[in-house]
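Grab a coffee and open the model in your viewer. Below are a few short exercises, each with a worked solution.

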Amino acid sequence: MKAAAEAQRRLLDLQASDTAIAQLDHRRNTLPETARARALQADRARAVEGVIAAETIVSDLEGEQAKAESDLEPVRQRLARNEQRVADGSVTDPKALQGLLEEIGHLKRRIGELEDTQLDAMERLETAREAAERAVEAKSTLEDGLRQVLSVRQDKLAELASERGRHEAERDAIAAAVPADLLALYTRIAEKSGGVGAALLQHGRCGGCQLEANAADLNRYRAAAEDEVLRCEECNRILVRTSESGL
């Protein structure tokens, strides 16, 4: 392929722009804030599950406490009625009175058992509510941290996008001055060679693969016409000659 020497040298500027764009894309894809946000999102998901579990325990214990109170109230009412019957002397039959007194004793023991159950439920409910509050606070802390990280990430992404836009504009201007066939060749090579389609031949070394040309290749480069498009024998990239090429 033939192309004016100046057009070939523009490939170095084009490559510089493409390299800068690729570096910006790499920075965008590897922002530490992105990894941190993903970790925090995973932590938040677990925190949400923790809140749900804690609140479920609270709900269950509230139901248990309500049942204990519900079980206790009718026993208290029956005890009060029986004690009233004893106190007002309405039961005169000795056998019936003895039975009533025995039932009062049984009711008092039952009330004691139910009150113990109620107290235990209240204590466990208090502990569960404290745990639920801690779970909610932990989730809130994670969400605050996530919002901060996402804000920083958004600012960095906007900055990178702005910088990338400048490089894209520069690249478009450079590419417009490169002959279509040379640009197409550069693009094909770059796609196959990790984004590097053209490299400076500097002191006999390819700037793409960093290998030195042998004597035969150097002689061929020296003998080549100025408008001949050279290719590295090792990496196949376009070799751009300048005063630094050592030819």
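**Exercise 1.** Where is the place of Asn 82?

Solution. Before starting, note that this is a predicted model: local features need pLDDT of at least 70, side-chain atom pairs count only at pLDDT 80 or more, and totals for chains, interfaces and linings use all residues. Residues are numbered from 1 along each chain as its sequence is written, and side-chain values use heavy atoms, with hydrogens and water left out.

Step 1: find Asn 82 in helix α2. Helices here are DSSP runs (H or I, at least four residues), strands are runs of E (at least two), and both are numbered from the N terminus.

Step 2: check the cover. Asn 82 is buried, at a relative accessible area of 5%. Buried means under 20% relative accessible area, exposed means over 50%, and partly exposed is in between (1.4 Å probe, protein chains only).

Step 3: list the neighbours. Leaving aside residues up to four places away in sequence, Asn 82 touches Leu 100, Glu 103, Ile 104 and Leu 107. Contact here means heavy atoms within 4.5 Å.

**Exercise 2.** Work out which parts of the chain the salt bridge between Asp 25 and Arg 164 ties together.

Solution. Step 1: take the cut-off. A salt bridge is a side-chain nitrogen of Lys or Arg within 4 Å of a carboxyl oxygen of Asp or Glu. A search of the whole structure turns up 22 salt bridges.

Step 2: check the pair. The closest N and O atoms of Asp 25 and Arg 164 are 2.6 Å apart. Asp 25 sits in helix α1 (residues 5-29) and Arg 164 in helix α3, so this bridge ties together parts that are 139 residues apart in sequence.

Step 3: compare exposure. Asp 25 is buried at 17% relative accessibility, while Arg 164 is partly exposed at 22%.

Step 4: widen the view. Asp 25, Arg 28, Arg 164 and Glu 168 are linked in a network of salt bridges.

**Exercise 3.** Do the same for Glu 143 and Arg 44.

Solution. Step 1: their closest N and O atoms are 2.9 Å apart, and they form a salt bridge. This pair links distant parts of the chain, with Glu 143 in helix α3 and Arg 44 in helix α2 (residues 32-88), 99 residues apart.

Step 2: Glu 143 is buried at 16% relative accessible area, whereas Arg 44 is partly exposed at 32%.

**Exercise 4.** Which residues gather in a patch of negative charge on the surface?

Solution. Step 1: set the rules. Patch members have over 30% relative accessible area and no salt bridge, and like charges are joined within 9 Å. Asp and Glu count as negative, and the place of a Glu charge is taken as CD.

Step 2: read off the members, which are Glu 123, Glu 126, Glu 130, Glu 133 and Glu 137.

Step 3: look at one of them. Glu 133 lies in helix α3 (residues 94-176) and is exposed at 52%.

**Exercise 5.** Find where His 203 and Gln 210 lie, and check their phi angles.

Solution. Step 1: recall the background. Most residues other than glycine have a negative phi.

Step 2: His 203, not a glycine, has a positive phi of about 50°. His 203 lies in the loop between β1 (198-202) and β2 (205-206), and is exposed at 63%.

Step 3: Gln 210 also has a positive phi, of about 65°, without being a glycine. Gln 210 lies in the loop between β2 and α5, partly exposed at 43%.

Notes
Patches are made of residues with over 30% relative accessible area and no salt bridge: like charges are joined within 9 Å, nonpolar side chains (Val, Leu, Ile, Met, Phe, Trp, Tyr) within 5 Å. Accessible areas come from the Shrake-Rupley method with a 1.4 Å probe; for residues, only the protein chains shown count as cover.
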